[in-house]
Amino acid sequence: PTRVLTGITTSGTPHLGNYVGAIRPAVATSRVTGVESFYFLADYHALIKVQDPARVQRSTLEIAATWLACGLEPDKVWFYRQSDVPETTELTWLLTCVAGKGILNRAHAYKAAVDRNREAGEDDDAAVTAGLFMYPVLMAADILLFNAHQVPVGRDQVQHIEMARDFGQRFNHLYGEPAGRQYFTLPEAVIEQRVATLPGLDGRKMSKSYDNTIPLFAPREQLKKLIYSIVTDSRAPGEPKDADSSHVFQLYHAFASATETEAMRQGFLQGIGWGEAKQALFERIDAEVAPLREKYEALMAKPADIETILRDGAARLRERHAIPTLRALREAVGLRDLS
Ligand code: TYM
């Protein structure tokens, strides 16, 4: 079967960007026959940004409930918390020893941190942890551990998946070729073009780090308020508006059918007012999200049930995949068999 894998960092409340970029396509794919899915909560990754244990735990619960509310069926897919599969960190070390430091130097998140430091007149690496620098190696371990073929993500993750390919290939070359075997499948990013980078309230990429997100399960009134607060230009009703450069339009496109989107494009040409466009956007998003929101709230009321699902998923997954894979990898590099 084709193996599809993706994760979400448990550093905050899931937002519309996570939903359209990862959750919605991943849940749809999990229903395709011949697909084996691996969906997880990336809590090791959260530690890079969040040193607040209560927040990591809260976020883990929220993101788990979100996956389930969005239709993930835990008895048909592998659904787990990353840190419940400690083989991930062991594989991270094996990959660290073949990963090129020069490649990590070029990672967007690390480079952005260095740029900020330079602008502030600080040392390049001021306040940069080794965790931030190693982020792509940990992510490569997530993907390579289960030999995923496809990784549904937003555009911001593409570079990480290319790095995972690079590290996997290097490992295959060093250890696989002499033994005549390929240890790792090289993964591919799967990106839905119309939602590859969903804009946030200020028009930049919707992101927890920019504080411009619309929470996926914001209560209806808050959702409406947030949508009405999306930054727009001051063109008056009646003036033609350019759909493609409008964030309101891009958001609408991410939630509406092709026909609805085309009608909205015409509306823009005819100078639809921002209030009207935002109302239509609100109604479109709410229509999709409202039934999920109800399920989400019911799930959040029973955290113990979610905990059981996660633990059970990880236990089966370790048994079936992670432990045997690490056994083979330890042997490949010359470490002792622990079993
Ligand atoms: P994270 O938690 O930042 O985001 C989770 C997923 O949501 C997508 N996304 C977006 N898509 C479109 N528009 C946006 N504005 C937007 N914002 C976020 C992200 O692209 C991502 O798909 N490193 C990952 C988590 C991770 C992972 C993995 C993903 C850890 N290991 C292995 C795939 C495979 C991250 O921080 O995503």
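Biologist: Which loop is the place of Ala 127?
Modeller: Quick note before we dig in: this is a predicted model. Phi of Ala 127 is near 60°, which is a positive value in a residue other than glycine. As for its place, Ala 127 sits in the loop between helix H6 (108-119) and H7.

Biologist: Is Ala 127 buried or exposed?
Modeller: Let's count neighbours: Ala 127 has 11 other C-beta atoms within 10 Å. A residue with 12 or fewer counts as exposed. So Ala 127 is exposed.

Biologist: And Asn 147, how many other C-beta atoms lie within 10 Å of that one?
Modeller: Asn 147 is in the loop between H7 and strand S4 (150-152), and its phi, near 50°, is positive too. Asn 147 comes out as partly exposed, and the count behind that is 18.

Biologist: What about the ligand: which helices and strand each supply at least two residues of its shell?
Modeller: The ligand has 26 residues around it, with Thr 9 and Gly 17 among the closest. By class, the shell splits into 12 nonpolar, 11 polar and 3 charged. The elements you're after are strand S1 (2-9), helix H1 (16-30) and helix H7 (130-145).

Biologist: How is H9 set against H12, and why?
Modeller: Helix H9 (residues 220-228) packs on helix H12 (residues 274-300) with axes 9 Å apart and an angle of about 140°. That angle makes H9 oblique to H12.

Biologist: How many charged residues are in the contact of H9 with H12?
Modeller: H9 brings residues including Arg 220 and Leu 223, while H12 brings Lys 278 and Phe 282 among others. The contact has 6 nonpolar residues and no polar ones, and the charged ones number 4.

Methods. Residues are numbered from 1 along each chain as its sequence is written. This is a predicted model: local features need pLDDT of at least 70, side-chain atom pairs count only at pLDDT 80 or more; totals for chains, interfaces and linings use all residues. Axes are lines fitted to C-alpha atoms, for helices over the stretch in contact, and angles run from 0 to 180 degrees between N-to-C directions. Helices (H or I, at least four residues) and strands (E, at least two) are DSSP runs, numbered from the N terminus. Angles under 35 degrees count as roughly parallel, over 145 as roughly antiparallel, 65 to 115 as roughly perpendicular and the rest as oblique. Two residues are in contact if their C-beta atoms, placed from the backbone, lie within 7 Å. Ala, Val, Leu, Ile, Met, Phe, Trp, Tyr, Cys and Pro count as nonpolar, Asp, Glu, Lys and Arg as charged, and the others, Gly among them, as polar. A residue is near a molecule or strand if its C-beta atom, placed from the backbone, lies within 6 Å of it. A residue is buried if 20 or more other C-beta atoms lie within 10 Å of its own, exposed if 12 or fewer, and partly exposed in between; C-beta atoms are placed from the backbone.
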